[in-house]
Amino acid sequence: MTVVETKASAPPSGLSEFWFYFSRNKGAVIGLVVFLAILLLAVFAPLVAPHSPSIQNRELLLLPPAWQEGGTWGHVLGTDAVGRDILSRLIYGARFSLFIGLVVVTLSVISGVLIGLVAGYFRGRVDTFIMRIMDIILAFPSLLLALVLVAVLGPGLLNAMIAISLVNQPHFVRLTRAAVMTEKSKDYVVGSQVAGAGTLRLMFLTILPNCLAPLIVQATLAFSAAILDAAALGFLGMGAQPPTPEWGTMLAEAREFIQRAWWVVTFPGLAILVTVLAINLMGDGLRDALDPKLKRS
Amino acid sequence: MLRFIFGRLAVLIPTFIGVSIIAFSFIRLLPGDPVMLMSGERVMSPERHAELMHQLGLDRPIYVQYLDYLAGLVTGDFGSSIVTKRPVLEDFLNLFPATLELSLCAILVAVCLGIPAGVLAAVKRGTWLDQSIMGAALVGYSMPIFWWGLLLIIFFSGYLGWTPVSGRISLLYFFPSVTGFMLIDSLISGQAGAFKSALTYLILPTVVLATIPLAVIARQTRSAMLEVLGEDYVRTARAKGLSPLRVVGIHALRNAMIPVITTIGLQVGVLLAGAILTETIFSWPGIGKWMVDSVFKRDYAVVQGGLMLIAAVIMIVNLVVDLLYGLVNPRIRR
Amino acid sequence: MKKLTTLLAATALVSVMASAAWSKTLVYCSEGSPEGFDPALYTAGTTFDAASRTVYNRLVEFKHGSTELEPGLAESWDVSADGKEYTFKLRSGVKFQSTDYFTPSRDFNADDVIFSFERQYKEDNAWNKYVAGASWEYFAGMGFPDLIEKIEKVDDLTVKFVLKRPEAPFLANLGMDFASILSKEYADKLQADGKMELMNQQPLGTGPFTFVAYQTDAAIRYKANADYWGGKQPVDDLVFAITTDAAVRAQKLKAGECHIMPYPNAADVPDLKADPNLTVLEQEGLNVAYLAYNTLVAPFDKVEVRKALNMAVNKQAIVDAVFQGSATVAKNPIPPTMWSYNDAVEDDKYDPEAAKTMLEEAGVSGLKMKVWAMPVARPYMLNARRAAELIQADLAKIGVEVEIVSYEWAEYLKLSSDKARDGAVILGWTGDNGDPDNFLDTLLGCDAVGGNNRAQWCNEEFDTLMTKAKETADVAERTKLYEEAQVIFKREAPWNTLDHSLVVVPMSKKVSGFVQDPLGIHRFDGVDIAE
């Protein structure tokens, strides 16, 4: 997903250069491969998953994984408290996590960039007002703010995504604003301004494309952070609601079995970790490839 | 410098008012009302309901409630819990030392391990050591800490039986709270074994809470070090034949520390967010758990007051970091 | 000021601890923090365990492990012929506890009784609003404001309650937690010092344990009341270790960090039972969980539809998955431990095939319905979500499509009472006083429609029986009426009765004398622990 974006946005001449630097980072390539694998699993979940994520097998409650005594290869990672196949739930869960990441990043990037552009371009009172509001949002610990927001909006996946987008968005605002302010004083912008380019044109076509690199890196980080935050909310009982096979929610449901069935606790968390790690690896690679300063060192 | 300080303070006040408006209006938007919860399954008569709403002042116009609340804030009255009827500020002050102790220990661990790890990775850049340190840091940075905590409990408390599961100290020990910090209080109490007990209770939560800051600090230290090591004066120092230890330890590290200190300051918010999860998992009696419980209990007043107090703490810490930064780096004083 | 009291308390504590080396300490891993220490202000069992059953006494007390009454602070009592006057002869020589924050100068007397009640309903009483938002929920809930005419002091050791009408359960209500007796002398001192709020933080009563300290959200400490009128307790110290997570409680119990715990995870019970160092007490709780249809809305207004849906649900599976066996399938709306439980009633048999046919015969096809699942765990239903998922899967087999909905708890309670509610509601009830009326009429009577009657079910035949039973004093007669009512209930099926949960209390084998209480309270008087 992110890769496609990057390719489209980097100037054609820079594409091969980008790939050169990106592929030099072995971790980033591993991250990319893992991420693509998870993406494919998510897309083809109905074909890949051995069972339905919601079918309960009442004869096989809390079945251990296949390699343990009592496990069967029919349920490789075992079953949960109502006899659902954990592997299948994890595969379907990938859909939710990726979807959450995508929605949150889209929402916070669009709103954050717009607000940041406005603040950085117009400056003055508008800027002060916007930045003050961002300060207020940033004065709360993000998870706490998201938790209270979800409590207000009502627990659920959609509301969790909205809340996380809202607490994520100030980062994009600040980043865009800073970039715009730097770019605005540069010659090419002043030049277009003198040549009579309209405000909107200046904002979106002249300045924005030149601020993209840090935004893309931040977006990748926001993607993984969103997955973590959504899982944390799910874990606290305020995110996706059962029986949704969202990983954090699965963990929350599994907590009462912590003594008796380690597998219902272990695997959902592992899935979160692997996904987030893969994305962060990619993020590191992207930063190295896009950030000219670090590239040189 | 004074102007700089006043400038920062002047920004703080409107922000704090904004925070109070947000905290206040959020809570009014919560679905369901706290009065309903008082009676549980037993349905309350509409008359009784109205009477209680009136008693709690919830039937007044919102702006009146807000102004009233604001007036209270000025006198240090953050309202009283609807469930326990205790003043919010009192509970906060009771519980905050627990969170502070945990957070300080976590940041201490993160700094003490993170900076050397980052320096080592930078100096040994490109070696397997660098790669494994950075790999571990990235894993830590990607860690869902609520799961990490559960795993540690399963292994160290459940399987090995080395560490206690929850709480701050064994119940065998009981002494007056002087500082609110269990480690210090246990020493003051002079009871044999109390300090050790407090320490064993602290280990797992500290590890869990330190994980992300540790990773962030290690990564930040490494990149700051790399940047500094590439600077001319370091090259010159090297060329002059100074010992590598001297170059790294004195010249490079000192200059690399400025961004790292900022990073550490920025971890306060991260720590408090982490404390919410860590305290929930380890039943640590601090403000994170208190807030989560209150959200679930729909305790209007506590969520509102707690949000404000926590925001205030973060703002003050950020201010202090800002000022320190201004002190170290005069260029940013406008 | 607060600092000072803490410090004073602290010095006293050190002296307590100094002797701790050879003292016997009982540790109870409680499930939550008490809301406060004035029991009349609250309604949660957690608060009652911590505040009222340890520190306080009442005029009458429930016998250990039963709902029968025995004399408490009242030695004896007389009821007038018209049932409106209750005269209590108080126990003499009862000492209030001496603590480091207060030393009583006189014994318990009638003034204390009058003070304890009057503050709950006399608005001009200085203590009526002594903490912000004080409300006397149980006092109001039991209808006392409309019941009590006046309370009179006859002499120092005699108190007379005058009621506005005869009310048979009055005496039992006086055994409830809100009727705990406080010290007026202590109250006066706090009032004089301008520190009234301490009544809710540093309790002082006549009970078996003396309050020592509360460490917010961590622990509550008590010591045995040396002057207790019932004799000193076998243990010297009692500690409530507040542990909200049930899995953690279980782990602490196994590790020997505490001796008794309430409310284990159902999943942990088999493991706890297998532990050679532990005993697991089990008793049917005074509760029921149900799925209430809205009988005012089509097609659930048809008995056949309700019956068919009942027959399609495998309740044993719910009990297994949600409770791992620590509950029994319910067939009546009252639990089997309650008198008048009609064991002859036959439950709707689990038979999806027959259910499907029945639904077709009723002319219902392609039915879509909502099932409401509570967002919180309650003793009678630990995981409503899981239960709803099972119901969803079961009903899918007879072609009924179920959508599970949930609301925030306060919202849930409110919306589920609405007469126009869409869908069937999972909910339950825990009894207050052991009377069948407290279940049957409260939950299913016509008066409760739009309120506690979540099925919105008003059946004339059933309601007549309820009224009759309430007017009858004779228990045998009432039993017959209630038994009949249960037959009608089953025939009409306004609910699918889901389960009665077992109350499970795992404890260390070292503990002796702990008895489970049918009303769900945890009491530690008379409990001993072997070294």
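Helices and strands here are DSSP runs, numbered from the N terminus. Keep that in mind, since this tour uses those labels as signposts. One more thing before you click: this is a predicted model.

**Stop 1: a loop in chain C.** Select C:Ala493. You'll find C:Ala493 in the loop between α17 (475–492) and β17 (495–508) of chain C. Check the backbone angle: phi is positive, about 50°, although C:Ala493 is not a glycine. For background, most residues other than glycine have a negative phi. Is C:Ala493 buried or exposed? Count the neighbours: 23 other C-beta atoms lie within 10 Å, so C:Ala493 is buried, the cut-off being 20 or more.

**Stop 2: a similar check in chain A.** Now jump to A:Arg123, in the loop between α5 (86–122) and α6 (124–138) of chain A. Phi of A:Arg123 is near 55°, again a positive value in a residue other than glycine. What about its surroundings? A:Arg123 counts as partly exposed because it has 14 C-beta neighbours inside 10 Å.

**Stop 3: a cis peptide bond.** Go back to chain C and pick C:Ala298 and C:Pro299. The peptide bond from C:Ala298 to C:Pro299 is cis, with omega near 0°. As a rule, most peptide bonds are trans. Where does C:Pro299 sit? Look in the loop between β12 (287–292) and α10 (303–312) of chain C.

**Stop 4: a stretch with a label.** Still in chain C, select residues 68–448. An unreviewed UniProt entry places the feature "domain: Solute-binding protein family" there. Over these residues the chain is 28% helix and 21% strand, and the C-alpha atoms at the two ends are 28 Å apart.

**Stop 5: where B touches A.** Show chains A and B together. How many residues of chain B are in contact with chain A? There are 38, and they meet 33 residues of chain A. Try colouring the helices of chain B that each supply at least two residues to this side, among them α1 (2–29), α9 (194–229) and α13 (300–328). The largest share, seven residues, comes from α1(B). Then colour by class: the side of chain B that touches chain A has 30 nonpolar, seven polar and one charged residues.

**Stop 6: how sure is the predictor?** Finish by colouring chain A by pLDDT. The mean for chain A is 84, and 93% of its residues reach 70 or more. Now select residues 1–10 of chain A, where the pLDDT is below 50. Beyond near neighbours in sequence, this stretch has twelve contacts in the model.

How values were computed: Residues numbered from 1 in each chain as written. Chains lettered and ligands numbered in written order. Predicted model: local features only at pLDDT ≥ 70, side-chain atom pairs only at ≥ 80, totals over all residues. Contact = placed C-beta atoms within 7 Å. Helix = DSSP H or I, 4+ residues; strand = E, 2+ residues; numbered from the N terminus. Nonpolar A, V, L, I, M, F, W, Y, C, P; charged D, E, K, R; others polar. Buried ≥ 20, exposed ≤ 12 C-beta atoms within 10 Å, placed from the backbone. UniProt positions renumbered as here; feature names shortened; annotations may be inferred. pLDDT = per-residue confidence, 0-100.
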